[in-house]
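Biologist: I'd like to go through how you get from numbers to words here. Please set each value against its definition as we go.

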Amino acid sequence: MSSEDEDLTTLSLKALKDLIARAGLSSADCIDKADLRTRAAEAQERLKASAPKTRMPPGGGGGNNGSFERASRKFGPYDCIVLGHSDVMRGSATADLCVVILHGLGATSSDFADLPSMLGVDAALAGRRMVYVFPQAPAVPMLGYAWWQIDVMSFLSLQSAAPDAIAKLIREPPSGLDRCRASLAALLQEVRGFAAAASRTPLHPKRLLLGGFSQGAMTSMDAALQMAVDGPVGGVAFLSGAPIVVEQWAAKLQVLKRGGASPLPVLVTHGVADATLPYACSGWVKELLDSNGADVTFVSHGGGHELGGPQVVKALIDFVARVANAAAEV
């Protein structure tokens, strides 16, 4: 049972304080345990609201799911859920496309594990040998599961922050990002080997699509740009995220542009009522990407900090199909 659903009367003082902090709230004004439980209840509601809500198309999955297998594997330092075409999973065929999805802060690798069934309804993907990898971020004190040490309170207050505070937050590398980069580089190297085991050469970068939700979106974009030395990935799905290390991102995008690479396809989505990462965050990301040569598709929805409704699901399906079609040319 996750802390979002746990009975607060059974939690210790430390557990209550950890839960409150993970939601970006403070317990400094809580006098006794009753106050902590009241604040922890607020924290539970905030964490539930911030979890991605995947709305499945009518009828659920379908498509190529019948030939899919599920496994638990370790790539780099991360435990992963892996779902893929049987021939690829057994090493007898190379993947047409490998999709790596990073979950949000405090979430788990299972949050998007229904993605293959959601995408499998699309005819453009139904016949392809797809592989999906869902890594689990490490546990971080006070944050739950996180890819790196995020300043929750600063991101929550972005909407009303002073310009100099915003500039500092989106430029300075957060604590743990370098370690995360090294870990994800190891994961992606091993994933590329696994997805192309039949050919005994790493999967072509264009056959790799990275994506994520919230902190996972920020991390997937960063990881994709760190791979620029090997050639651009097939695309990035940036779902309800925010910009970080913007000067580094701009420099990496310029390297791709000067190298004559085709524009990096990026799907950016965000909810206009997002109270966790303000809607403006994705606007900043779009502006950064547009001004540095990326090929951006921007989709907004009326919800909060969640995946979104049918229009976002359709945009995601269309984007993955587009990347898969381009990957077929390499």
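Biologist: In which sense do strand 3 and strand 4 (residues 130-135) pair, and over how many bridges?

Modeller: In the parallel sense, over four bridges. One of the facing pairs is Cys 98 with Val 131 in strand 4. Two strands count as paired if DSSP finds at least two bridges between them, so four bridges pass the test. Strands are DSSP runs of E with at least two residues, helices are runs of H or I with at least four, and both are numbered from the N terminus. Before we go on: this is a predicted model, where local features need pLDDT of at least 70 and side-chain atom pairs pLDDT 80 or more, while totals for chains, interfaces and linings use all residues. Residues are numbered from 1 along each chain as its sequence is written, and side-chain values use heavy atoms, with hydrogens and water left out.

Biologist: What joins strand 3 to strand 7 (residues 208-213)?

Modeller: Five bridges, and the two strands run parallel. Leu 102 faces Gly 212 in strand 7. Strand 7 also pairs in the parallel sense with strand 8, over five bridges, with Phe 213 partnered by Leu 239. From strand 8, four bridges lead on to strand 9 (residues 265-271), again parallel, and there Val 236 stands opposite Val 266.

Biologist: What makes strand 3 "mostly covered"?

Modeller: A residue is buried under 20% relative accessible area, exposed over 50%, and partly exposed in between (1.4 Å probe, protein chains only). By that rule, six of the six residues of strand 3 are buried. One side holds Leu 97, Val 99 and Ile 101, the other Cys 98, Val 100 and Leu 102, and both faces are covered. Strand 8 has five of its five residues buried, with Gly 235, Ala 237 and Leu 239 on one side and Val 236 and Phe 238 on the other. Over the whole chain of 330 residues, the buried share is 54%.

Biologist: How do you know whether the span of helix 8 (residues 177-195) agrees with its 19 residues?

Modeller: The expected span is 1.5 Å times one less than the number of residues. For helix 8 that gives 27 Å, and its end C-alpha atoms are 26 Å apart, so the two agree. Helix 12 (residues 310-327), with 18 residues, should span 26 Å and its ends are 26 Å apart, which agrees too. The buried residues of helix 12 include Val 312, Leu 316, Phe 319 and Val 323. An α-helix has 3.6 residues a turn, so residues three or four places apart point the same way.

Biologist: Why is there talk of cavities, and how many are there of 30 Å³ or more?

Modeller: A cavity is a set of points on a 1 Å grid over the protein atoms alone where a 1.4 Å probe fits but cannot get out. The search finds three of 30 Å³ or more, and the largest has a volume of about 40 Å³. Volume means the space filled by probe spheres set on the points, which are joined across faces, edges and corners. Lining residues have an atom within 4 Å of a point; for the largest cavity they include Ile 101, Phe 112, Gly 212, Leu 239 and Leu 316. Strand 7 and strand 8 (235-239) each supply at least two lining residues.

Biologist: Is Val 245 buried or exposed?

Modeller: Buried: its relative accessible area is 0%. Val 245 has a positive phi of about 35° although it is not a glycine, and sits in the loop between strand 8 and helix 10 (246-258). Met 142 also has a positive phi, about 75°, without being a glycine. Met 142, in the loop between strand 5 (139-140) and strand 6 (144-145), is partly exposed at 42%.

Biologist: Which residues does Phe 75 touch, not counting those up to four places away in sequence?

Modeller: Touching means heavy atoms within 4.5 Å. On that test, the partners of Phe 75 are Cys 80, Val 82, Val 133, Leu 187, Glu 190, Val 191 and Phe 194. Phe 75 lies in strand 1 (residues 68-75), and at 2% relative accessible area it is called buried. Its C-alpha atom is 9.2 Å from that of Ser 183, 108 residues away along the chain.

Conventions:
1 Å grid on protein atoms, 1.4 Å probe; cavity = no way out; pocket = protein on both sides within 12 Å on 5 of 7 lines; lining within 4 Å.
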